[in-house]
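I opened the notebook to look up a few residues, ring pairs and cores. The entries are in the order I made them.

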Amino acid sequence: MISSTPASPTSPLRIAAINFLNPAPLMWDFNHEPHKSQLAQRYQLELMLPSACADRLALPIYTPGAADIGLIPIAALATTPGLRVIPGCTIASRRKVRSILLVRRANQLFSQIRTVAADTSSRSSLAYTRILFRKWWNPGVIFLPSPPDLDRMLEKADAAILIGDPALYALEERQNREERTGESLIYHDVAEEWITHTGSTWVAAVWAIREESIARSGRTIEDIASDFTASRDRGLANIETLVKEWSARLPLPAATIRTYLTENIYYYLDENCQKGIQRFFDLAVETGVLPSYEPK
Ligand SMILES: C=C(O[C@@H]1C=C(C(=O)O)C=C[C@H]1O)C(=O)O
């Protein structure tokens, strides 16, 4: 439900952020004093799923629920006009991401897959998977939007895409599920598949801001970016605290959370990530998955 109040030209910038574990280091200053109170004067934060972040940045700017800044799936950059990428931070992976899974039955070849149930909270991972299917695996598959419930998804489709915390749980549950159902599944790490097929860094999301919102804030994009990079840097310097906080919130072992935040997810929007984003859009256009995108 859309709950935030409409913005006026002088109110704090409204941030649409993601309520999964993976952005936790990026959000450190927004959730911990002393910076939390200072940032609350400049920003108003709301947590939601990745697809909703993209939707909030696409709403007309002064309508209820609209956001000025969002941690948005990179796929949404091509379909949302007037956005600038805030330099510095990202949600990416350079090897295995762990939380983006394509799950298929072990006895079914890629060429035999006809339908894929796709988690409706994703935009980027869905586009990455579509590209992989169109270019390398099986161009004919049909994607069916679905809530993230592996059992239900595999009842209605041959394979399933899960993202974020539900994907982390599914991986943890893997052995239990196999014992419970007797069904043997293969869990593909979509970032790892992408990196193997393209040699490029896999990038899921970036902070993006409306051009109009930069003007309204009276600040430069570099100045705004410094709030986000400072938050990330303090988050990454406080991983053990984050592991404790999130172990209490999610049914996952502390070791899994620690590895996920330190080895699976990569938080620096560096040159290799920029090249990865370019490669993603080149292949998305080549396969007809997305319209073209010129970074601003
Ligand atoms: C790594 C992840 O990246 C997320 C995946 C996204 C997508 O598929 O659209 C968007 C934002 C990211 O936070 C994840 O949620 O598992």
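My notes on single residues come before those on rings and cores.

**Entry: model**

I am working from a predicted model.

**Entry: Thr 90**

I looked up Thr 90. I found it in strand 4, residues 83-93. Is Thr 90 buried or exposed? Its relative accessible area is 0%, so I log Thr 90 as buried. Next I checked the polar atoms. A polar atom of the Thr 90 side chain lies 2.8 Å from the backbone oxygen of Ala 205. I then listed contacts, leaving out residues up to four places away in sequence. Thr 90 touches Leu 26, Val 203, Ala 205, Val 206 and Cys 273, among others. The list also includes Tyr 266, Tyr 267, Tyr 268 and Leu 269. Ala 205 thus appears in my notes both for the polar atom pair and for the contact list.

**Entry: Gly 82**

I moved to Gly 82. It is in the loop between strand 3 (69-73) and strand 4. Its relative accessibility is 24%. The cut-off for buried is under 20%, so Gly 82 counts as partly exposed. I also took one C-alpha distance. Gly 82 and Asp 149 are 67 residues apart along the chain, and their C-alpha atoms are separated by 35 Å.

**Entry: aromatic pairs**

How many aromatic pairs does a search of the whole structure find? I got 15. I looked at the rings of Phe 110 and Phe 133. Their centres are 5.8 Å apart and their planes stand at 75 degrees, so I note this pair as edge-to-face. The pair links distant parts of the chain, 23 residues apart. Phe 110 is in the loop between strand 5 (100-105) and strand 6 (115-119), and Phe 133 is in helix 4, residues 124-137. I checked burial for each. Phe 110 has a relative accessible area of 15% and is buried. Phe 133 is buried at 0%.

I turned to Tyr 128 and Trp 202. This aromatic pair is tilted, with 5.4 Å centre to centre and 40 degrees between the planes. Tyr 128 lies in helix 4 and Trp 202 in strand 10 (residues 202-210), so the pair ties together parts 74 residues apart in sequence. Tyr 128 is buried at 0% relative accessibility, and Trp 202 is buried at 1%. I also noted one aromatic cluster, formed by Tyr 128, Trp 194, Trp 202, Phe 280, Phe 281 and Tyr 293.

**Entry: charges over rings**

I logged two cases. The charged end of Lys 135 sits over the ring of Trp 136, 5.6 Å from its centre. Arg 249 lies over the face of Trp 246, at 3.9 Å from the ring centre.

**Entry: cores**

In soluble globular proteins, nonpolar side chains tend to be buried together. I looked for such groups here. The largest nonpolar core has 91 residues. Those with the most contacts inside it are Leu 21, Ile 69, Trp 202, Trp 207, Phe 228 and Phe 280. Which element gives the most to this core? Strand 10 does, with 8 residues. Where does the core lie? Domain 1 (13-93 + 202-283) and domain 2 (100-198) both give residues to it, so I place the core between them.

I followed up Leu 21. Leaving aside neighbours within four places in sequence, Leu 21 is in contact with Asp 165, Leu 168, Trp 246 and Leu 250, among others. Leu 252, Ile 257, Tyr 260 and Leu 261 are also on that list. Apart from the largest core lies another of 13 residues, including Met 153, Leu 162, Ala 170 and Tyr 187.

Key. Residues numbered from 1 in each chain as written. Predicted model: local features only at pLDDT ≥ 70, side-chain atom pairs only at ≥ 80, totals over all residues. Heavy atoms only, no water. Helix = DSSP H or I, 4+ residues; strand = E, 2+ residues; numbered from the N terminus. Buried < 20%, exposed > 50% of the residue type's maximum accessible area, 1.4 Å probe, protein only. Polar contact = N/O pair within 3.5 Å; in protein donor to acceptor, adjacent residues only side chain to side chain. Contact = heavy atoms within 4.5 Å. Phe/Tyr/Trp six-rings, centres within 6.5 Å; stacked < 30°, edge-to-face > 60°. Lys NZ or Arg CZ within 6 Å of the ring centre and 35° of its normal. Core = buried A, V, L, I, M, F, W, Y, C linked by side-chain atoms within 4.5 Å. Domains from an automatic or database assignment.
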